[in-house]
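Work through the exercises below with the sequence and the model open. Each task is followed by a solution in steps.

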Amino acid sequence: MDSEAADRDRVDAIIDQWAAVRPDLRTDAMAVFGRINRIAAGMGRRMDTAYARYGISRGEFDVLATLRRAGEPYTLSPRELTATLMLTTGGMTGRLDKLEQAGLVRRNPDPSDRRGLRVSLTLPGLRVIDEAVGTGLEVQTAALAALDPADAAELDRLLRLLLPASED
């Protein structure tokens, strides 16, 4: 097998199919975003597996990580969490319910707003997120090891340029 054939992937096969039926199409963007989507899906599955060890999903990880990044006392309002994670209030309530049942967060009345709540990491929640973030970084670092450091830095630079064009 020559090196060009060895470098082909599933996205190339899709691009070839489009070229056969619609040779008028420029599929460069499709190739790039097809690969980005496949990488995101594959890494998502790997991250799900990594976080499952701690009894949490990726979505629950995001809540715990947002609280952890807020710094001591690791407390935010549900509204602040919802805005940071771009979730609906219903989606956030479901995540908080699961995390509270697992003993990883607690909801307390907001001392400055009788109608409000504050969500805080518990000590077990702090331990889980600190371990889970390390495990997640190991998974991501292992995947990125497929590139040499200069290529990884260039990929980061290019994705940083592309990101604003993809955001709402």
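**Exercise 1.** Is Phe33 buried, partly exposed or exposed?

*Solution.* The model is a predicted one. Step 1: locate the residue; Phe33 is found in helix 3. Step 2: take its relative accessible area, which is 37%. Step 3: apply the cut-offs, where buried means under 20% and exposed means over 50%. Phe33 is therefore partly exposed, because 37% falls in between.

**Exercise 2.** Which residues form a nonpolar patch on the surface with Phe33? Find the helix that gives the most to this patch.

*Solution.* Step 1: list the members. Besides Phe33, the nonpolar patch holds Val32, Ile36, Leu144, Leu147, Leu155 and Leu159. Together these seven residues, Phe33 included, have about 520 Å² of accessible area. Step 2: assign them to helices. Helix 3 (28–52) and helix 8 (149–166) each supply at least two residues. Step 3: rank the contributions; helix 3 gives the most, with three residues.

**Exercise 3.** Describe the largest pocket by volume, lining and residue classes.

*Solution.* Step 1: the volume of the largest pocket is about 1300 Å³. Step 2: 28 residues line the largest pocket, and Ile36, Ile39, Ala40, Met43 and Leu159 are the closest to its centre. Ile36 and Leu159 also belong to the nonpolar patch. Step 3: helix 2 (10–21), helix 3, helix 7 (123–144) and helix 8 each supply at least two lining residues. Helix 3 provides the largest share, eleven residues. Step 4: by class, the lining has 17 nonpolar, two polar and nine charged residues.

**Exercise 4.** Repeat the description for the second largest pocket.

*Solution.* Step 1: the second largest pocket has a volume of about 260 Å³. Step 2: its lining counts 13 residues, with Ser77, Pro78, Arg79, Thr89 and Leu117 nearest the centre. Step 3: at least two lining residues come from each of helix 5 (78–85), helix 6 (89–101), strand 2 (105–110) and strand 3 (113–121). Helix 6 gives the most, with four residues. Step 4: the classes are four nonpolar, five polar and four charged.

**Exercise 5.** Is Arg69 buried or exposed, and how many Å apart are Arg69 and Arg107 in space?

*Solution.* Step 1: Arg69 is found in helix 4 (residues 58–69). Step 2: its relative accessibility is 61%. Since exposed means over 50%, Arg69 counts as exposed. Step 3: Arg69 and Arg107 are 38 residues apart in sequence, and their C-alpha atoms are 18 Å apart in space.

Conventions: Residues are numbered from 1 along each chain as its sequence is written. This is a predicted model: local features need pLDDT of at least 70, side-chain atom pairs count only at pLDDT 80 or more; totals for chains, interfaces and linings use all residues. Side-chain values use heavy atoms; hydrogens and water are left out. Patches are made of residues with over 30% relative accessible area and no salt bridge: like charges are joined within 9 Å, nonpolar side chains (Val, Leu, Ile, Met, Phe, Trp, Tyr) within 5 Å. Accessible areas come from the Shrake-Rupley method with a 1.4 Å probe; for residues, only the protein chains shown count as cover. A salt bridge is a side-chain nitrogen of Lys or Arg within 4 Å of a carboxyl oxygen of Asp or Glu. Buried means under 20% relative accessible area, exposed over 50%, partly exposed in between (1.4 Å probe, protein chains only). On a 1 Å grid over the protein atoms alone, a cavity is a set of points where a 1.4 Å probe fits but cannot get out, and a pocket is an open set with protein on both sides within 12 Å along at least five of seven lines; lining residues have an atom within 4 Å of a point. Grid points are joined across faces, edges and corners, and a volume is the space filled by probe spheres set on the points. Ala, Val, Leu, Ile, Met, Phe, Trp, Tyr, Cys and Pro count as nonpolar, Asp, Glu, Lys and Arg as charged, and the others, Gly among them, as polar.
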